[in-house]
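These are my notebook entries on a structure that I went through element by element. I set down what I looked up and what I found.

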Amino acid sequence: MKGQTLTRLKESASQTAGPYVHIGLTPNFCGITGVYPEDLGIRMVNEKTKGERITVKLRLIDGTGSVTKDALIEIWQADADGLYNSPDEPRGKADPNFTGWGRQPSDPETGVFTFETVKPGRVPFMDGRMQAPHISLWIAARGINIGLQSRLYFGDEEQANAEDPVLSRLEHPSRAATLIAQRDGNTYSLDIHLQGEKETVFFDV
Amino acid sequence: MKNARPTRGGFFQRDRTWHPPAFAPGYRSTVVRSPQRAPLSFGNTLSEITGPVFGHSMLGELDNDLILNYAKPGESAIGPRIVVYGQVLDENARPVPNVLLEFWQANAGGRYRHKKDGYLAPLDPNFGGCGRTITDEDGHYSFRTVMPGAYPWPNGINDWRPAHIHFAVFGHGFVQRLITQMYFEGDPMIAKCPIVRTIPDERAIQSLIAALDMEATIPMDARAYKFDIVLRGRRSTLFENKLEGN
């Protein structure tokens with residue numbers, strides 16, 4: 001005898017963003033002008049944004065060691081006080097002059113993704129322990145069948161990183177280094193490796 | 001205990017056997033771009049549950065009209081005129097409002113307006129190939145475009161993409177972010193496509209094929225295709241053990 005069934009649907013299957021992802025997501029960048037006033041997500045801060053201004057530079061490197069030139073990266077982060085600019089943020093109102101969300105193509109020559117942002121404050125883990133400051137990453141490109149999730153942590157937050165509940169879940173603690181951007185002046189740089197010895201820790205969350 | 005509406009929790013675990021695997025050598029570009037190590041999992045924190053939200057006020061009048069949004073005044077894109085409409089739901093079958101949908105596609109000849117696309121088919125001077133819209137309070141959306149053409153691509157020596165429209169979808173949480181492609185009912189090229197075939201489950205492929213809807217057709221103007229999209233569902237925290245400091 002068959003009983004009740006659950007009314008659940010399956011998530012739509014992912015498909016690659018393909019080589020022309022920039023037509024859809026950063027059309028002005030690839031010369032399709034006049035449709036949108038500017039590409040969405042290219043500016044995260046304005047002159048009133050609170051917090052320490054930083055530049056985040058990323059590169060995406062494939063399994064042959066080549067720097068990719070056709071990918072797209074989105075980032076999502078808390079403001080300088082650790083609050084997300086989202087209706088689902090229960091702890092207070094985030095800085096209205098900070099979007100928290102950025103989207104960039106890479107430089108066509110160098111493959112560097114550049115985000116002008118602020119250093120995020122700390123956000124609690126499920127059990128209330130504080131996480132180290134971090135930026136969530138989402139990567140889409142030709143050859144990537146489902147958007148890759150990861151995080152960026154900050155190299156000058158050694159103490160916070162050491163007690164971070166996510167980093168401390170790593171089976172091989174040495175792989176934490178793949179998520180930690182190194183600071184030079186106000187710039188944090190991180191290479192994201194899709195494969196190989198230095199393969200970045202990607203998330204299934 | 002208060003009998004209040006449950007607060008919203010983390011997202012359902014993604015069914016990785018339903019989505020295409022990272023390494024799918026029939027689609028050759030995945031070979032050097034697929035992570036090989038086990039991913040890290042942990043319960044959703046606010047970093048995963050929250051996400052950017054976009055208001056309808058950001059939309060321009062022609063953002064959801066690819067026939068006109070790149071065309072010179074008085075002109076329009078070439079190709080079979082279609083309307084694409086549907087609903088964005090979550091895995092609990094609940095409509096998802098205020099979802100930003102961005103779409104892009106080749107023109108009617110199968111050519112993209114992109115410097116890296118060297119296909120023989122000509123560009124259409126009145127077609128850019130991008131559009132966007134935001135779902136209404138019931139999760140519905142629609143846009144107007146031309147039917148994209150099929151085109152050959154460098155993979156095997158004779159691989160073709162079926163006609164398709166790319167969709168990028170924002171849910172309410174950053175980990176609901178999804179990119180997929182919509183195919184067209186009845187297209188014999190779907191089953192031959194190496195990118196479609198990265199999806200292991202036939203039912204998952206079927207859910208990406210839009211249905212021709214003659215009842216939604218605009219007579220003497222445009223055919224209509226219905227394409228619903230499902231995003232990850234969210235847990236209701238029915239009985240939550242509140243931990244100190246949470």
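**Entry 1. A loop of chain B.** I began with B:Asn98, which I located in the loop between β2 and β3 of chain B. I should record at once that I am working with a predicted model. Phi of B:Asn98 is near 55°, a positive value in a residue other than glycine. I then asked whether B:Asn98 counts as buried, partly exposed or exposed. B:Asn98 is partly exposed, because I find 18 C-beta neighbours inside 10 Å, and a buried residue would need 20 or more.

I next took up B:Ala93, which is found in the loop between β2 (81–90) and β3 of chain B. B:Ala93 is not a glycine, yet I read a positive phi of about 65° for it. B:Ala93 is exposed, because 12 other C-beta atoms lie within 10 Å and the exposed class takes 12 or fewer.

**Entry 2. Chain B as a whole.** I looked up the confidence and noted that the pLDDT of chain B averages 94, with 93% of the residues scoring at least 70. For the model I recorded ipTM 0.97 and pTM 0.96. I listed two helices and 13 strands as the secondary structure of chain B. The C-alpha trace of chain B spans about 65 × 40 × 30 Å along its principal axes. Of the 246 residues in chain B, I found 43% to be buried. I also checked the contacts of chain B with a separation of 6 or more, and 72% of them are between residues 24 or more positions apart.

**Entry 3. Where the chains meet.** I asked how many residues each chain gives to the contact. Chain B gives 76 residues and chain A gives 65 residues. On the side of chain B that touches chain A, the elements giving two or more residues are α1 (46–49), β3 (100–104), β8 (164–169), β9 (178–184) and β12 (229–231) of chain B. I sorted that side of chain B by class and obtained 34 nonpolar, 27 polar and 15 charged residues.

**Entry 4. The sheet of chain A.** I traced an open sheet of eight strands in chain A, in the order β3-β2-β5-β6-β7-β8-β1-β4, with mixed pairing. Its edge strands are β3 (101–105) and β4 (113–118) of chain A, each of which pairs on one side only. From one strand to the next, I noted an average twist of 30°.

I then examined two of the pairings. β2(A) and β3(A) run antiparallel and are joined by five bridges. Within this pair, A:Trp76 stands opposite A:Trp101 in β3(A). I asked why β3(A) is largely enclosed by the rest of the structure. The reason I recorded is that four of the five residues of β3(A) are buried. In the parallel sense, β1(A) pairs with β8 (residues 187–193) of chain A over seven bridges. Here I found A:Thr55 opposite A:Thr187 in β8(A).

**Entry 5. After the strand β8(A).** I followed the chain to A:Leu194, in the segment after β8 of chain A. A:Leu194 is buried, because 26 other C-beta atoms lie within 10 Å. Leaving out residues up to four places away in sequence, I listed its contacts as A:Leu60, A:Ile61, A:Asp62, A:Gly63, B:Arg33 and B:Pro35. I also looked up A:Leu83, 111 residues from A:Leu194 along the chain, and the C-alpha atoms of the two are separated by 30 Å.

**Entry 6. A buried aspartate.** I placed A:Asp70 in the loop between β1 (53–61) and β2 (72–76) of chain A. I classed A:Asp70 as buried, because 21 other C-beta atoms lie within 10 Å and the class begins at 20. Not counting residues up to four places away in sequence, A:Asp70 touches A:Pro19, A:Ala141 and A:Arg142. The C-alpha atoms of A:Asp70 and A:Thr178 are separated by 22 Å, and the two residues are 108 apart along the chain.

**Entry 7. The nonpolar core.** I closed with the largest nonpolar core, which has 108 residues. I asked which members touch the most other members. They are A:Ile139, A:Ala140, B:Phe167 and B:Val169. For A:Ile139, with neighbours within four places in sequence set aside, I listed contacts with A:Leu60, A:Ala71, A:Ile73, A:Ile144, A:Gly147, A:Leu148 and A:Ile192.

Definitions and conventions: Residues numbered from 1 in each chain as written. Chains lettered and ligands numbered in written order. Predicted model: local features only at pLDDT ≥ 70, side-chain atom pairs only at ≥ 80, totals over all residues. Core = buried A, V, L, I, M, F, W, Y, C linked by C-beta atoms within 7 Å. Contact = placed C-beta atoms within 7 Å. Nonpolar A, V, L, I, M, F, W, Y, C, P; charged D, E, K, R; others polar. pLDDT = per-residue confidence, 0-100. Pairing = 2+ DSSP bridges. Axes fitted to C-alpha atoms, helices over the stretch in contact; angles between N-to-C directions.
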